[in-house]
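Me: Please take a close look at one loop of this model, and then set it against the rest of the chain. I am new to this structure, so keep it plain.

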Amino acid sequence: MDSKLAPLYENFLYAQADFAHKNGLPGFLSTVYDSKGSYRQMGVPEIAAQPVDRSDVAVGFATAMAMLIDRRIGAIWLNNFYNFPGVLTQTGAVESVGSDGYADIFTADGKGMTILASTGGVVSEVELYLKNNFVPGTDITMYDRFVQLLDSKYEQMMEMRENQTIYTPTKPYPLPAENQITVETKELPSSDSSVNLNDYLQPGHLHGKNVSSLGYSVLIDDVRSGGILEFEFSIPVSGDQWAFRGTYLSKGINISEMNYLVVSIPADSKPHLFDIELKRDDTRLATARINTTQEGVISEDGLWKTIVVEINPDIVTKTYSCNYIAVAIHNPANLPSNFRPYGREGVICLNNILITKEHPFLEQIDTSEIVPVVEGGNEIVQYWSPSHGNLDIIEDNNRDVIRISNTYGAPGWRGGYISPTDISGYGIMVIKVRNISGKPNSFYIELKNEQDNILGKKRRINLPSDFEWHIISINIPWLISKPANYLAISDPECSFELSSIAFIKN
């Protein structure tokens, strides 16, 4: 505030205070978790360098900057925010508040920045250090050099605006309005029957691991609204054996009533198996496993193949919207054999990622072949490598099921490794299976860590003679200390289909 930049900061504070006063906000704006718990780009639209997601939410730590610009004005606005109904809780102030509710997230910067600013910050300590130390190799103090840098930044900005005069406010800073917003927590608005997530891809988020933009060695800002989500992945032979690419959506979308994810991929895609994760920031709301070898609907020009995957949104989607999409590529060593040669590197290209309430091609499929979705996490069948044993096995990639047969009519088994899966926090193992023999059937299942049966013993599964899908639940013992890494099926009386094995808390 002792540099030439001071008037610009004063104008910034005036713009924030003026906007908050005119719109009845109890505090200022800043990019933050909004009143629905979604991370949103927020700011005063008229002075924002990029389009903002919201401008109707007051943020606690946005006053930290204000207190360093004008201590008295900043303190008045902070006091107003803290005294706004519902903001202060037993565990501290909420992150933000809007007319549609309160943020349910507490962050370290939301508390630390505000406390630091309200106690004067570390301006005097930094100034003392800079004045008592010199720029290496010179007799100029760091403080004088710092002021030079600030002044040069001012000159650069003035040059960009062709030395037009900078006007500063002549009136006092606006104070909180008498009539401020009223908070009414609202349910998420219903979405249309179909939403194209590509329309809401938000640029500027270079989130990823072991991935790069096409034609580059690193990620660049190549995501665009209405564009294609595409990238290259390369999983090294050592280190982290997975890859992901993610980006925020410019709009929070209610997916609680959605049943299908529909995505178009290049018709000549290599065999890849990966997950599309629909998230609320770090919370996964729904997952769609994409098998590029699955049959689909080919576009008229023959360039694209559209496939449909059923999803089962988590119960939290009734409260939280989806604001983030990620593509997760898992350990190549744990992929089924036909995907393994392409599991370490390749290109993922996703066009028209739709979430829908109705199946778009229902009239073209045999509804009896549809595999039902079941609750649960850490699904293991899709990453099972059943390479041991003598039972006949057929992988139906079009329907993502495994058919197991006992051709010889004698006792037999089939087993193989799965991705190491920690199931210690789960209470129930859920198996999705159907009998296809037309007569009573049964088989045994074992979940192991190497030779140790972590379920305690073989568990017998009995199936009626119908051809329906059944959801079988098995209680998981307490005090499991080792991750599951091996699945075995033994002694089936007849043929059956296995779709998934997942885990739920209780």
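Reply: N163 is found in the loop between α6 and β8. The model is a predicted one, and what follows describes that prediction. N163 has a positive phi of about 55°, although this residue is not a glycine. Most residues other than glycine have a negative phi. N163 counts as exposed because its relative accessible area, 56%, is over the 50% cut-off.

E162 lies in that loop too, between α6 (142-160) and β8 (194-196). E162 also shows a positive phi of about 55° without being a glycine. With a relative accessibility of 66%, E162 is exposed.

The helix before the loop, α6, meets another helix. The axes of α5 (residues 123-131) and α6 come within 6 Å and cross at roughly 110°. The two helices are therefore roughly perpendicular to each other. On the α5 side the contact is made by E127, Y129, L130 and K131, and on the α6 side by M142, Y143 and F146. Sorted by class, the residues of this contact are five nonpolar, two charged and no polar.

Away from the loop, a large part of the picture is a nonpolar core. The largest such core has 36 residues, and L197, I255, L261, L278, I290, L350 and I355 touch the most other members. Several strands each supply at least two residues of this core, among them β12 (243-253), β13 (260-266), β14 (273-280), β15 (283-291) and β19 (345-356). L278 can serve as an example. Leaving aside neighbours within four places in sequence, L278 is in contact with residues including L197, I255, L261, L285, Y324 and I355. A second, separate core has 30 residues, including I402, Y426, I480 and I501.

Another loop offers a second exposed residue to look at. D282 is placed in the loop between β14 and β15, and with a relative accessible area of 71% this residue is exposed. D282 and Y324 are 42 residues apart in sequence, and their C-alpha atoms are 8.4 Å apart in space.

Now for the strands. Strands of a sheet pair through backbone hydrogen bonds, either parallel or antiparallel. One open sheet has three strands in the order β3-β6-β7, with antiparallel pairing. β3 (57-59) and β7 (101-102) stand at the edges with a single partner strand each, so one side of each has no neighbour in the sheet. Strand β6 (residues 96-98) is joined to β7 by two bridges, in the antiparallel sense. V97 has Y102 of β7 as its bridge partner.

Strand β22 (residues 401-405) is mostly covered, with four of its five residues buried. Five bridges join β22 to strand β21 (residues 392-396), and the two run antiparallel. In that pairing, D392 stands opposite S405 of β22. β22 also pairs with strand β30 (residues 496-504), again in the antiparallel sense, over three bridges. Here R403 stands opposite E497 of β30.

To return to the loop after α6: E162 and N163 both have a positive phi, and both E162 and N163 are exposed.

Technical notes
Residues are numbered from 1 along each chain as its sequence is written. This is a predicted model: local features need pLDDT of at least 70, side-chain atom pairs count only at pLDDT 80 or more; totals for chains, interfaces and linings use all residues. Side-chain values use heavy atoms; hydrogens and water are left out. A nonpolar core is a set of buried Ala, Val, Leu, Ile, Met, Phe, Trp, Tyr and Cys residues joined through side-chain atoms within 4.5 Å. Buried means under 20% relative accessible area, exposed over 50%, partly exposed in between (1.4 Å probe, protein chains only). Contact means heavy atoms within 4.5 Å. Two strands pair if DSSP finds at least two bridges between them. Axes are lines fitted to C-alpha atoms, for helices over the stretch in contact, and angles run from 0 to 180 degrees between N-to-C directions. Angles under 35 degrees count as roughly parallel, over 145 as roughly antiparallel, 65 to 115 as roughly perpendicular and the rest as oblique. Ala, Val, Leu, Ile, Met, Phe, Trp, Tyr, Cys and Pro count as nonpolar, Asp, Glu, Lys and Arg as charged, and the others, Gly among them, as polar.
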